[in-house]
Amino acid sequence: MVCRSPVMMNDAEIEAAKEHFGKVLREQLERVERMKASPGWIDHSKLDRLIIGVVGGDGIGPYICRHAEGVLRELLKEEIAAGKVEVRTIDGLTIENRARQLKAIPDEVLAELRKCHVILKGPTTTPKKGDGWPNIESANVAMRRELDLFANVRPVRIPEQGIDWTFFRENTEGAYVLGSRGVDVNEDIAIDFTVATTQGCERIIRLAFEHARRTGVNRVTVVTKANVIKRTDGKFLSVAERIAKEYPEVKWDDWFIDIMTAKLLDPYRRAEFKVMVLPNLYGDIITDEAAQIQGGVGTAGSANIGARYAMFEAIHGSAPRMVDEGRAQYADPSSIIKAAAMLLNHVGFVEKARRLEMALDICTQFERRVRVTGRADGATGEEFGRYVLETVARKDLEDAWRKGLSA
């Protein structure tokens, strides 16, 4: 029997890890070239015929998506009747189907998604260790990558506290995009990767500054951990410093992610923040914190924007426990109805979106005549959806909204 030395074993493991990293690096270099060759933006508001895909997802997703789709169909009934808008149901993005095919997004589902212009998506289950599902990639991460939805935009509004935040989270880079591409060097060492490209940083940071300029907001805050993560976070911050010079009318500053999470809880400082732009992982964490301040992750919607496609979703998970316990009909659809409002705004139905957002403020923060608790002691999602539509149709909607602000 030939005994190999520890050095020889380590060398072999290092070479295998280097080969794996080389493959990941080549893929990222190819992605950079695709970004450089991007044909530019499509203005969804100017399309002769807009196709909206509705993807229920799994868990509580199909339940809450049904109510949001009902709101969309009611608000767009004239456009649908005239053939200017089509709403399509896209099935197959369930955890069962994804697990059966061992794909984050089955090929036939991705093909249908590519036929749409914008997508309203319910939550999907991401497998985790011990839950019985195969270890497939997150459907969200895969969709953002496949459709190049590089900007995750999450607004949080608490009018009575003066909070009006818009978060621009980079969607296609960072730790999440390569989170499933790490390597177990041996039984003692595991290494994951994170990535930042000049092109990826530029487009999300520029989108945040453009939003600040267009809306008249006078502040952009760049959030990193560049004092410690010096290469990738350092690149993000250095690109922000360069782009900020093109927007002299917009004030900007930078904060580290740890103190930023604290300052969002500071009642004396948090209303000062307006637009925040940050890498992928930090954006996921801090927007959940912000949503909790607003009233819980069930109250916040999310937009995923790219040059060609856009996808709008609830920011919370699929809550399979609610389904297992027979409570899915009581799931709160506020978040995905908020996402529907963001969709309407994105595709040019600005006034319809504005009325829906005001109605949601009234229904969730001001009057709250129909309360969803997630259990039988509260309203069903269907009852809440009807409440929202009744509120949108109110002739005194704007007066009621302003009354809520001043209360």
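Here's a quick briefing on a sheet, a helix that packs on it, and one arginine. Keep in mind that this is a predicted model. The sheet is open and built from 10 strands with mixed pairing. The arginine, R203, sits in helix 8 and has polar contacts to the side chains of D148 and T172.

**The sheet**
- If you walk across the sheet, the strands come in the order 2-1-3-12-11-4-5-10-8-9.
- Strand 2 (85–90) and strand 9 (251–256) are the edge strands, so each of them pairs on one side only.
- On average, neighbouring strands in this sheet are turned by 20 degrees against each other, direction ignored.

**Strands 1 and 3**
- Strand 1, residues 50–55, pairs with strand 3, residues 118–121, in the parallel sense, and four bridges hold the count for this pair.
- Look for G53 here: I119 in strand 3 stands opposite this glycine.

**A helix on the sheet**
- Helix 9 (residues 232–244) packs on the sheet and touches strand 5 (163–170), strand 8 (219–224), strand 9 and strand 10 (275–278).
- The direction of helix 9 makes about 160 degrees with that of strand 8.

**R203 and its surroundings**
- R203 belongs to helix 8, which covers residues 198–215.
- R203 counts as buried because its relative accessibility is 18%, and the cut-off for buried is under 20%.
- Its side chain makes a polar contact of 2.9 Å with the side chain of D148, and another of 3.2 Å with the side chain of T172.
- Setting aside neighbours within four places in sequence, R203 is in contact with M35, D148, F150 and T172.

Key. Residues numbered from 1 in each chain as written. Predicted model: local features only at pLDDT ≥ 70, side-chain atom pairs only at ≥ 80, totals over all residues. Heavy atoms only, no water. Pairing = 2+ DSSP bridges. Helix = DSSP H or I, 4+ residues; strand = E, 2+ residues; numbered from the N terminus. Axes fitted to C-alpha atoms, helices over the stretch in contact; angles between N-to-C directions. Contact = heavy atoms within 4.5 Å. Buried < 20%, exposed > 50% of the residue type's maximum accessible area, 1.4 Å probe, protein only. Polar contact = N/O pair within 3.5 Å; in protein donor to acceptor, adjacent residues only side chain to side chain.
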